[in-house]
Amino acid sequence: MAFKINPPYVVDNTPIRMVDLENDVMGRTNKNGVILVNKKLSEKDIQKVIAHEKVHVDQFKNGELDYDNENVYWRGKTYKRSKIKEGSKTLPWESPAYKVSDNV
């Protein structure tokens with residue numbers, strides 16, 4: 001007899017690594033879904049960064065966001081990395097991430 005278990009919890013196995021990052025970088029999400037967090041941050045900032053970067057993980061998973069050395073690709077549009085300020089709240093892929101992290 002087979003049965004299905006529906007647990008009352010969500011399992012999140014997103015890899016999170018505490019690393020040395022440039023001083024002005026709080027966190028980053030690699031295309032493979034690994035979140036890198038600047039280990040010099042306070043506990044509160046770490047939680048904000050993780051919440052923010054998990055939005056980007058979801059954006060990568062659902063195909064909205066991608067990048068390479070020269071460009072960021074958002075919903076079929078190309079943004080030259082040399083012409084944007086990465087991490088800016090005005091970028092369309094950053095806005096939803098900041099909405100989440102600002103509420104942590």
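Contact, as used in these legends, means heavy atoms within 4.5 Å. The structure shown is a predicted model.

**Figure 1. Overall view of the predicted model, a protein of 2 helices and 6 strands.** From the N terminus on, the elements follow the order β-β-β-α-β-β-β-α. Along the principal axes, the C-alpha atoms fill a box of roughly 60 × 35 × 25 Å. The protein has 104 residues, of which 35% count as buried. Its accessible surface comes to about 7,400 Å², and carbon and sulfur atoms account for 51% of that area. Among contacts between residues at least 6 apart in sequence, 29% join residues at least 24 apart.

**Figure 2. Close-up of the open sheet with strand order 1-3-2.** This sheet has 3 strands, and its pairing is mixed. Strand 1 (16-19) and strand 2 form the edges, each pairing on one side only. From one strand to the next, the twist averages 20°. Strand 1 and strand 3 (residues 35-38) run parallel and are joined by 4 bridges. Within this pairing, I16 stands opposite I35 of strand 3.

**Figure 3. Surroundings of T29 in strand 2.** Strand 2 covers residues 27-29. T29 counts as buried because its relative accessibility is 8%, against a limit of under 20% for that class. The side chains of T29 and E53 are joined by a polar contact of 2.6 Å. Apart from neighbours within four places in sequence, the residues in contact with T29 are V34, I35, E53, H56, V57, F60 and Y67. I35 of this group also stands opposite I16 in the pairing of strand 1 with strand 3.

**Figure 4. G33 in the loop between strand 2 and strand 3.** G33 has a relative accessible area of 13% and is therefore buried. Not counting residues up to four places away in sequence, G33 touches T14, P15 and V57. G33 and V57 are 24 residues apart in sequence, yet their C-alpha atoms are 5.5 Å apart in space. V57 is also among the residues in contact with T29.

**Figure 5. Close-up of the open sheet with strand order 4-5-6 and the helix that lies across two of its strands.** The sheet has 3 strands with antiparallel pairing. Its edges are strand 4 (65-67) and strand 6 (77-80), each of which pairs on one side only. The twist averages 20° from one strand to the next. Strand 4 and strand 5 (residues 71-74) run antiparallel and are joined by 3 bridges. L65 stands opposite W74 in strand 5. Helix 1 (residues 43-61) lies across strand 4 and strand 5, and runs at about 90° to strand 4.

**Figure 6. Surroundings of N71 in strand 5.** With a relative accessible area of 9%, N71 is buried. The side chain of N71 makes a polar contact of 3.1 Å with the side chain of Y73. When neighbours within four places in sequence are left aside, N71 is in contact with T78, Y79, K80 and R81. Of these contacts, Y79 lies in strand 6 and appears again in the following view.

**Figure 7. The aromatic cluster formed by W74, Y79 and W93.** The structure holds 3 aromatic pairs. In the pair of Y79 and W93, the ring centres are 4.9 Å apart and the planes stand at 75°, so the arrangement is edge-to-face. Y79 belongs to strand 6 and W93 to the loop between strand 6 and helix 2 (95-101), so this pair ties together parts that are 14 residues apart in sequence. Both residues count as buried, Y79 because its relative accessibility is 17% and W93 because its relative accessibility is 5%. W74, a further member of the cluster, is the residue of strand 5 that stands opposite L65.

Methods:
Residues numbered from 1 in each chain as written. Predicted model: local features only at pLDDT ≥ 70, side-chain atom pairs only at ≥ 80, totals over all residues. Heavy atoms only, no water. Buried < 20%, exposed > 50% of the residue type's maximum accessible area, 1.4 Å probe, protein only. Polar contact = N/O pair within 3.5 Å; in protein donor to acceptor, adjacent residues only side chain to side chain. Pairing = 2+ DSSP bridges. Axes fitted to C-alpha atoms, helices over the stretch in contact; angles between N-to-C directions. Areas by Shrake-Rupley, 256 points an atom, 1.4 Å probe, with all protein chains shown as cover. Phe/Tyr/Trp six-rings, centres within 6.5 Å; stacked < 30°, edge-to-face > 60°.
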